[in-house]
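Hi,

Here is the structure I promised to pass on. Have a look at it first, and my notes follow underneath.

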Amino acid sequence: MFFRARRGVLQPARAPAGAVALTTLACQGAQSAQERPAERRGNAPAEHRAATGEPVGAGRVPNVVVIVTDDQRLGSLRVMPRTRRWFRRGGTQFTNAFATTPLCCPSRASIFTGMYAHNHGVLRNRLGPRMDTGVTMQRVLEDAGYHTAIAGKYLQGVELKQDPPHFEDWRTMKVGYEDIYYNANGSLRRIAGYSTAVLGRFARRWVTRLESNDRDPWFLYIAPYAPHQPFTPAPEHAGAPLPRLRSSPAMRERDRSDKPSFVRRQSYDPRAGRAVLEAQLRTLISVDELVGRLFRTLRRAGEARDTLAFFLSDNGFMLGEHGLYGKRLPYTMSAGIPLLMRWPGRVARGVRDRRLAANIDVAATVFDAAGAAPPRAPDGRSLLSSHRRSRILLEEYENGVRGLPDWAALRSRTWHYVEYIGADDDVVAREYYDLVKDPWLLENLLGDGDPSNDPDVAALSRELASVASCEGEACP
């Protein structure tokens, strides 16, 4: 089922041809020069062409690794030296990256499909069964001859006993850190140990087994629970030292009279957020170890150079910015995410790419690299191309389960415009921020009481209404 949106109201629509906070919320180096012989990697299909008109990767399709953390804030990579080494120094970091719907389940559906939430229909948590698995990365890559595996969280609302479609091997989990239950290839069993380490062992063994017995490409999706609440670090990292933590101007914001009323009613103390952040960072140390060990395994197998890899979070997490805790809102620390990509020889190393990028771009990039044609064109853009967005759409639906309004936003590199939608499909509040002068979103020019500095947002409002039902290349 696909959906069309109008001002926060989602309505069923005919599927395209071929388509088979605030919280009160709790929803999260060295490289081997060795390469496998060309005959061990299948050629990209003839219909695949990059932006230049030539096959990406000199005609060879890569293995694919996608690592998705849960509620990881911007700025938290500082406790992850192995991840920085393999992804940031060995690849490209996108410094203006966003979760188009900053909430766990909708964002993960966007990662799998490359679609905005208004198209994949997973509008809030626990609606995972709505996602059409026939248009996902795993389905498309499976059809292209890839081996597929998942380790970690799948989609909320899908029972643990249900096997994830289009994965041939899996260790799926629901929530938790210590001694939890997993669906292990169809068998529900409790596995002792810290969940991040359990997932890492499965991933490394799976890759090692494939590389010793098979010549086909593979797709591995890893989704640890960290750094989601209850923010439990591995025992060996419980007292790990951390870098000095500094508060941001958004955390120190005192005058919030320019913000919508539901924001002004909140008053989360950043000092409480500091303790949460420390615990989050300690859970990420184990994720960093997972990344380091996985890439050492790839290097030993001669696959580090033949693997397209992504590291990202499903959404951000506010810990006192604007007096708020959590996600679900259009502010930078809620919607902004770490997003890194590497593919040696194809993706630039040590680069900070300032293009607007998003979770919906992961699937689009994978389809491009694998030369695979999905049954429905993704809304995202391949990050292997030279495409540069002028703006991106952010959206949130069915927020009423938390007493919040739905909203839609357009964000460029220089401004940020938001409309909050009421129960009668009317705009109940607006925000506009000048990101050049005000990168921390401290002064809503439409709510500061000074009409002389109000931007004319009529054209932006019309554009927001028109892209609320966009599909494919028509999307920003």
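Aromatic pairs first: there are 13 of them, counting rings of Phe, Tyr and Trp (its six-membered ring) whose centres lie within 6.5 Å, with planes under 30 degrees apart called stacked, over 60 edge-to-face and the rest tilted. One of them is Trp 86 with Phe 295, a stacked pair at 5.2 Å centre to centre and 25° between the planes. That pair links distant parts of the chain, since Trp 86 sits in helix α1 and Phe 295 in helix α7, 209 residues apart. Phe 87 pairs with Phe 295 too, but edge-to-face, because the planes are at 85°, with the centres 5.4 Å apart. Here again α1 is tied to α7, this time across 208 residues of sequence. Add Phe 311, and Trp 86, Phe 87, Phe 295 and Phe 311 make one aromatic cluster.

Before you read on: this is a predicted model, where local features need pLDDT of at least 70 and side-chain atom pairs count only at pLDDT 80 or more, while totals for chains, interfaces and linings use all residues. Residues are numbered from 1 along each chain as its sequence is written, and side-chain values use heavy atoms, leaving out hydrogens and water.

Now the burial. Trp 86 has 1% relative accessibility and Phe 295 has 0%, so both count as buried (under 20% relative accessible area; exposed is over 50%, partly exposed in between; 1.4 Å probe, protein chains only). In α1, Thr 83, Trp 86 and Phe 87 are buried. They span an arc of only 85° around the axis (taken from the directions from the helix axis to the C-beta atoms), so they share one side of α1. The buried residues of α1 pack against β3, β4 (92-98), α7, β10 and β13 (339-342), with contact meaning heavy atoms within 4.5 Å.

What does the largest nonpolar core look like, and which residues have the most contacts inside it? It has 49 residues, and the best-connected ones are Ile 67, Phe 87, Trp 218, Leu 220, Leu 294 and Phe 311. A core here is a set of buried Ala, Val, Leu, Ile, Met, Phe, Trp, Tyr and Cys residues joined through side-chain atoms within 4.5 Å. α7 (270-300) is among the elements supplying at least two residues each, and α7 gives the most, 11. Apart from this core lies another, of 47 residues, including Met 137 and Phe 310.

Overall, the chain has 10 helices and 18 strands, taken as DSSP runs (H or I, at least four residues; E, at least two) numbered from the N terminus. Of its 476 residues, 62% are buried.

Cheers
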